[in-house]
Amino acid sequence: MKDFPASPLVIAHRGYRMRFPENTLPAFDAAWNAGARMVELDVQWSRDGRIMVHHDTSLERCSNGKGMVREHNAYFLRQLDAGSWFSRAFAGTVIPFLEEVVAGVPEGGWLNVEVKPEAVSEAKNMSRMLASLMAICAPLKGRIVVSSFHHGFLKQLARLPHAPFIGVLSSRWQKEEALLAFATELKAFAWHPDHRGLEKTVVRRMKEAGLRVYPYTVNDQDRAAALLAMGVDGFFSDDAEILKGRDGY
Ligand code: G3P
Ligand code: CA
């Protein structure tokens with residue numbers, strides 16, 4: 001695939017999450033500065049339809065706010081501190097808008113936008129939601145993988161005239177057969193499985209079907225080596241530099 005980062009690809013999970021407050025601009029900047037070639041982030045919609053970069057549906061864990069992201073307008077969400085929970089050094093860090101993250105992607109950098117399933121289930125107008133997502137990501141000129149655990153959403157995405165690369169996220173308990181059939185029907189680009197319990201035979205099968213395989217979330221170097229030996233194309237890691245110093249990386 002032209003311009004797609006070569007394997008093995010470490011996808012910086014929620015930015016450089018191990019050292020910075022997840023899903024914030026400092027975490028994304030740090031990942032790019034550390035040499036990341038693809039950064040993952042999570043999105044959901046504010047009450048007034050802005051795309052906010054935040055993992056949890058609720059605000060409590062990663063900000064000083066309360067309640068659900070979707071219950072608040074963007075103006076309110078932007079007053080919150082999304083850095084102090086991690087360290088006082090990041091006090092005043094805000095929840096980013098997706099367009100701010102897109103603007104910070106360096107030349108040749110790729111984004112993996114994960115659309116949280118709750119954001120989809122609560123959406124009042126899915127077409128508008130998709131249109132805003134794709135419009136905001138347009139400056140990336142195709143350097144984007146959109147993924148979700150919400151497979152109905154991925155189906156709608158795949159029907160778009162200029163659909164992005166699609167990553168099928170799955171949990172540990174979803175059956176390989178059904179996932180393979182679904183990913184094939186969608187012409188998905190990649191499969192994003194939970195790394196726990198992943199088997200070599202399944203990796204081989206998915207790859208034979210033409211899918212890239214990027215398991216989540218791998219922070220242990222021995223586990224990373226074992227997965228690469230199984231044939232995965234890369235993996236998500238909170239440590240953007242987990243493979244630093246490894247031959248050829
Ligand atoms: O996209 C891989 C991974 O981010 C999925 O799980 O909970 O970290 O969003 P989660
Ligand atoms: Ca995610």
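In this predicted model, the largest cavity holds about 30 Å³ of space. By the rule applied here, the count comes to one cavity of 30 Å³ or more. Its lining is formed by E22, N23, T24, V53, H54, C62, A82, I95 and P96. Sorted by character, the residues of this lining comprise five that are nonpolar, three that are polar and one that is charged.

The metal site may be considered next. The calcium ion (ligand 2) is coordinated by three side chains: E40 and E114 each contribute OE, and D42 contributes OD. The coordination distances run from 2.1 to 2.2 Å. Along the chain, the donors of this calcium ion follow the spacing E-x1-D-x71-E. Both E40 and D42 are buried, that is, each has under 20% relative accessible area.

The nonpolar interior follows. In soluble globular proteins, nonpolar side chains tend to be buried together. In this model, the largest nonpolar core has 60 residues. The residues with the most contacts inside this core are L98, L111, V113, V115, L133 and F153. Helix α5, which spans residues 126-137, supplies the largest share of the core, namely six residues. A second core lies apart from the largest one and has 12 residues, including L9, W110, Y214 and F236.

L111 illustrates how a residue of the largest core is surrounded. When neighbours within four places in sequence are left aside, L111 is in contact with W32, M38, V39 and L41, with V101, V102 and V105, and with L140, R143, I144 and V145.

Key. Residues are numbered from 1 along each chain as its sequence is written. Chains are lettered from A and ligands numbered from 1 in the order in which they are written. This is a predicted model: local features need pLDDT of at least 70, side-chain atom pairs count only at pLDDT 80 or more; totals for chains, interfaces and linings use all residues. Side-chain values use heavy atoms; hydrogens and water are left out. Donors are N, O and S atoms within 2.8 Å of the metal (3.2 Å for Na, K and Ca); water is not among the atoms, so sites may look incomplete. Buried means under 20% relative accessible area, exposed over 50%, partly exposed in between (1.4 Å probe, protein chains only). A nonpolar core is a set of buried Ala, Val, Leu, Ile, Met, Phe, Trp, Tyr and Cys residues joined through side-chain atoms within 4.5 Å. Helices (H or I, at least four residues) and strands (E, at least two) are DSSP runs, numbered from the N terminus. Contact means heavy atoms within 4.5 Å. On a 1 Å grid over the protein atoms alone, a cavity is a set of points where a 1.4 Å probe fits but cannot get out, and a pocket is an open set with protein on both sides within 12 Å along at least five of seven lines; lining residues have an atom within 4 Å of a point. Grid points are joined across faces, edges and corners, and a volume is the space filled by probe spheres set on the points. Ala, Val, Leu, Ile, Met, Phe, Trp, Tyr, Cys and Pro count as nonpolar, Asp, Glu, Lys and Arg as charged, and the others, Gly among them, as polar.
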